[in-house]
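Hi,

Here is the structure I promised to pass on to you. Have it open while you read, and turn it around as you go through my notes below.

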Amino acid sequence: MRILVIHGPNLNLLGTRESDIYGIKTLEDINKSLRDLSSELGAEINIKQSNHEGEIVDAIQESGTYDALLINPAAYTHTSVAIRDAIAAVQIPAVEIHLSNIYKREEFRHKSLISPVAFGQISGFGPESYNLGLRAAVSIANAKKNAS
Ligand code: DQA
């Protein structure tokens with residue numbers, strides 16, 4: 001079971017970035033928690049962060065050997081047809097993650113271009129969104145394996 005985790009733009013700044021919204025945990029704290037949980041769940045994870053839309057598209061296109069994708073597209077959630085199309089193009093279930101509840105925030109964040117091509121979305125649980133998302137990704141991937 002292999003899961004690809006993608007963190008989008010500005011998430012490398014977690015810990016110092018708008019901590020009233022995103023909390024004080026750093027990206028490395030979140031990644032450590034994901035690594036611990038993945039070994040508990042018997043999954044192998046590979047984690048990438050990029051501030052560049054094209055790099056994220058490349059990573060999704062190259063995700064063919066993974067069983068599921070866990071992605072926080074960050075600001076690209078609301079703008080990127082390219083990331084949406086890349087997820088639609090690969091046959092890998094994607095779980096969309098947000099630290100904050102995007103529906104409680106500014107109106108421009110209420111629209112996700114990613115949700116229609118994601119298996120599901122987890123939004124608003126802070127860093128715990130990632131752990132919930134990883135559990136969801138492993139469960140979806142297991143169900144897919146058992147069905148085939
Ligand atoms: C975010 C929400 C986005 O609207 C924002 O642009 C981010 C982070 C979140 O995790 O809450 O950068 O994806």
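Let's start with one residue: at 3% relative accessibility, Asn 72 counts as buried, because the cut-off for buried is under 20%. Keep in mind that this is a predicted model. You'll find Asn 72 in strand β3. Which residues does Asn 72 touch, if you leave aside its neighbours within four places in sequence? The contacts are Ile 6, His 7, Gly 8, Leu 11, Ile 97, His 98, Leu 99 and Tyr 130.

One of those contacts, Ile 97, is worth a stop of its own. Ile 97 belongs to strand β4, and its relative accessible area is 0%, so it is buried too. Not counting residues up to four places away in sequence, Ile 97 touches Leu 70, Ile 71, Asn 72, Pro 73, Ile 122, Ser 129, Tyr 130 and Gly 133. Try finding Leu 70 from there: the two are 27 residues apart in sequence, yet their C-alpha atoms are 7.1 Å apart in space.

Now zoom out. The protein chain has five helices and five strands, and along the sequence they come in the pattern β-α-α-β-α-β-α-β-β-α. With a radius of gyration of 14 Å, close to the 15 Å that the globule rule gives for 148 residues, the chain is as compact as a globular protein of that length. If you drew a box around the C-alpha atoms along the principal axes, it would be roughly 45 × 30 × 25 Å. Buried residues make up 48% of the 148 residues. Among contacts with a separation of 6 or more, 75% are between residues 24 or more positions apart.

Next, the sheet. In what order do the five strands sit? They run β2-β1-β3-β4-β5, in an open sheet with parallel pairing. The edges are β2 and β5, each of which pairs on one side only. On average, neighbouring strands are turned by 20° against each other, ignoring direction. In case sheets are new to you: strands pair through backbone hydrogen bonds, and the pairing can be parallel or antiparallel. For a close look, go to β4 and β5, which pair in the parallel sense over four bridges. There, Val 95 stands opposite Gly 120 of β5.

Helix α5 packs on this sheet and touches β1, β2, β3, β4 and β5. Its direction makes about 170° with that of β4. The helix covers residues 128–147, which is 20 residues, and reaches 29 Å from its first C-alpha to its last, close to the expected 28 Å. Which residues of α5 are buried? They are Ser 129, Tyr 130, Asn 131, Gly 133, Leu 134, Ala 137, Val 138, Ile 140 and Ala 141. What covers them includes α2 as well as the strands β1, β2, β3, β4 and β5.

That brings us to the nonpolar cores. The largest one has 25 residues, and Ile 3, Leu 34, Leu 70 and Leu 134 touch the most other members. At least two residues come from each of β1, α2, β2, β3, β4 and α5, and α5 gives the most, with six. If you'd like to follow one member, pick Ile 3: leaving out residues up to four places away in sequence, it touches Ala 43, Glu 44, Ile 45, Asn 46, Tyr 66, Ala 68, Leu 70, Leu 134, Ala 137 and Val 138. There is also a second, separate core of 18 residues, including Tyr 66, Leu 69, Ile 83 and Ile 87.

Last, two backbone oddities. Most residues other than glycine have a negative phi. Glu 18 is not a glycine, but has a positive phi of about 35°. Ala 74 is not a glycine either, and its phi is positive at about 50°. Where do they sit? Glu 18 is in the loop between β1 and α1, while Ala 74 is in the loop between β3 and α4. Are they buried or exposed? Glu 18 is partly exposed, with a relative accessible area of 39%, whereas Ala 74 counts as buried at 12%.

Over to you now. Happy exploring!

Terms used:
Residues are numbered from 1 along each chain as its sequence is written. This is a predicted model: local features need pLDDT of at least 70, side-chain atom pairs count only at pLDDT 80 or more; totals for chains, interfaces and linings use all residues. Side-chain values use heavy atoms; hydrogens and water are left out. The expected span of a helix is 1.5 Å times one less than its number of residues. Buried means under 20% relative accessible area, exposed over 50%, partly exposed in between (1.4 Å probe, protein chains only). Contact means heavy atoms within 4.5 Å. A nonpolar core is a set of buried Ala, Val, Leu, Ile, Met, Phe, Trp, Tyr and Cys residues joined through side-chain atoms within 4.5 Å. Two strands pair if DSSP finds at least two bridges between them. Axes are lines fitted to C-alpha atoms, for helices over the stretch in contact, and angles run from 0 to 180 degrees between N-to-C directions. The radius of gyration is taken over C-alpha atoms; the globule rule is 2.2 Å times the number of residues to the power 0.38.
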